[in-house]
Amino acid sequence: QVQLVESGGGLVQAGGSLRLSCAASGSIFRINAMGWHRQAPGEQRESVARITNIGRTNYADSVKGRFTISRDNAKNTVYLQMNSLKPEDTAVYYCYAEYDSGLYYENYWGQGTQITVSS
């Protein structure tokens with residue numbers, strides 16, 4: 001199993017920057033990829049960014065060019081650098097890990113962290 005602890009949320013003005021961190025522990029050697037989803041009030045959860053264990057990245061069109069996902073393997077931590085933030089980026093951001101037990105796949109989720117972007 002995997003445990004994920006997020007940090008770095010908060011309130012920021014439009015145009016500002018924040019960095020989220022997600023520290024993984026447990027059976028991290030079975031993690032294939034990690035990433036971030038977000039969920040705004042009244043909206044469905046959506047994918048924001050993903051990074052594989054070999055460093056390949058994917059981004060939602062809405063954040064391309066503004067957000068950067070990265071990982072520090074020595075710290076078992078994934079980061080989401082968010083620049084040029086917009087009010088529509090306001091949401092709860094969830095870190096997740098794609099876990100392969102060898103018999104089944106499962107996603108583990110962090111507790112979520114609130115990002116509020118004021119106009």
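## Secondary structure and overall form

The protein has zero helices and 11 strands. The model is predicted. From the N terminus on, the elements run β-β-β-β-β-β-β-β-β-β-β.

The radius of gyration is 14 Å, and a compact globule of 119 residues would have a value near 14 Å, so the two agree. Along the principal axes, the C-alpha atoms fill a box of roughly 45 × 30 × 25 Å. Of the 119 residues, 42% count as buried. Contacts reach across the sequence: among those between residues at least 6 apart, 55% join residues at least 24 apart.

## The four-stranded sheet

Strands of a sheet pair through backbone hydrogen bonds, either parallel or antiparallel. Here, four strands form an open sheet in the order β1-β3-β8-β7, with antiparallel pairing. β1 (2–7) and β7 (67–72) are the edge strands, and each pairs on one side only. Neighbouring strands of this sheet are turned by 20° against each other on average, direction ignored.

Look next at the pairing of β1 with β3. Strand β3 covers residues 18–26 and runs antiparallel to β1, with six bridges joining the two. One residue pair can be named: Leu4 has Ala24 in β3 as its bridge partner.

## The disulfide

A disulfide is a covalent bond between the sulfur atoms of two cysteines. The structure holds one disulfide. It joins Cys22 to Cys95, with an S to S distance of 2.0 Å. The link connects distant parts of the chain: Cys22 sits in strand β3 and Cys95 in strand β9, 73 residues apart.

The torsion about the S-S bond is -80°, and the link of Cys22 and Cys95 is left-handed. Both Cys22 and Cys95 are buried.

## The β9–β10 hairpin

β9 spans residues 91–100. Its pairing with strand β10 (residues 105–109) is antiparallel and runs over five bridges. Tyr96 has Trp109 in β10 as its bridge partner.

The hairpin has four residues between the strands of β9 and β10. Gly102 in this hairpin takes a positive phi near 100°.

## His37 and its surroundings

His37 belongs to strand β4, residues 31–39. Is His37 buried or exposed? Its relative accessibility is 17%; the cut-off for buried is under 20%, so His37 counts as buried.

Leaving aside residues up to four places away in sequence, His37 touches Arg45, Glu46, Ser47, Val48, Val92, Tyr93, Tyr94, Tyr96 and Trp109. Two of these contacts, Tyr96 and Trp109, are the bridge partners just described in the hairpin.

## Thr90 and its polar contacts

Thr90 lies in the loop between β8 (77–82) and β9 (91–100). Which backbone atoms does the side chain of Thr90 meet? One is the backbone oxygen of Pro87, which lies 2.9 Å from a polar atom of that side chain. Another is the backbone nitrogen of Val117, which the Thr90 side chain reaches at 2.9 Å.

Val117 also appears in the contact list of Thr90. With residues up to four places away in sequence not counted, Thr90 touches Ala40, Gln114, Ile115, Thr116 and Val117.

## Positive phi outside glycine

Asn76 and Ser84 deserve a look at their backbone angles. Asn76 has a positive phi of about 55° although it is not a glycine. Asn76 is found in the loop between β7 and β8. At 29% relative accessibility, Asn76 counts as partly exposed.

Ser84 is not a glycine, yet its phi is positive, at about 50°. Ser84 lies in the loop between β8 and β9, and Thr90 lies in that loop too. The relative accessible area of Ser84 is 40%, so Ser84 is partly exposed.

Methods:
Residues numbered from 1 in each chain as written. Predicted model: local features only at pLDDT ≥ 70, side-chain atom pairs only at ≥ 80, totals over all residues. Heavy atoms only, no water. Buried < 20%, exposed > 50% of the residue type's maximum accessible area, 1.4 Å probe, protein only. Contact = heavy atoms within 4.5 Å. Polar contact = N/O pair within 3.5 Å; in protein donor to acceptor, adjacent residues only side chain to side chain. Pairing = 2+ DSSP bridges. Axes fitted to C-alpha atoms, helices over the stretch in contact; angles between N-to-C directions. Disulfide = S-S within 2.5 Å. Rg over C-alpha atoms; globule rule 2.2 N^0.38 Å.
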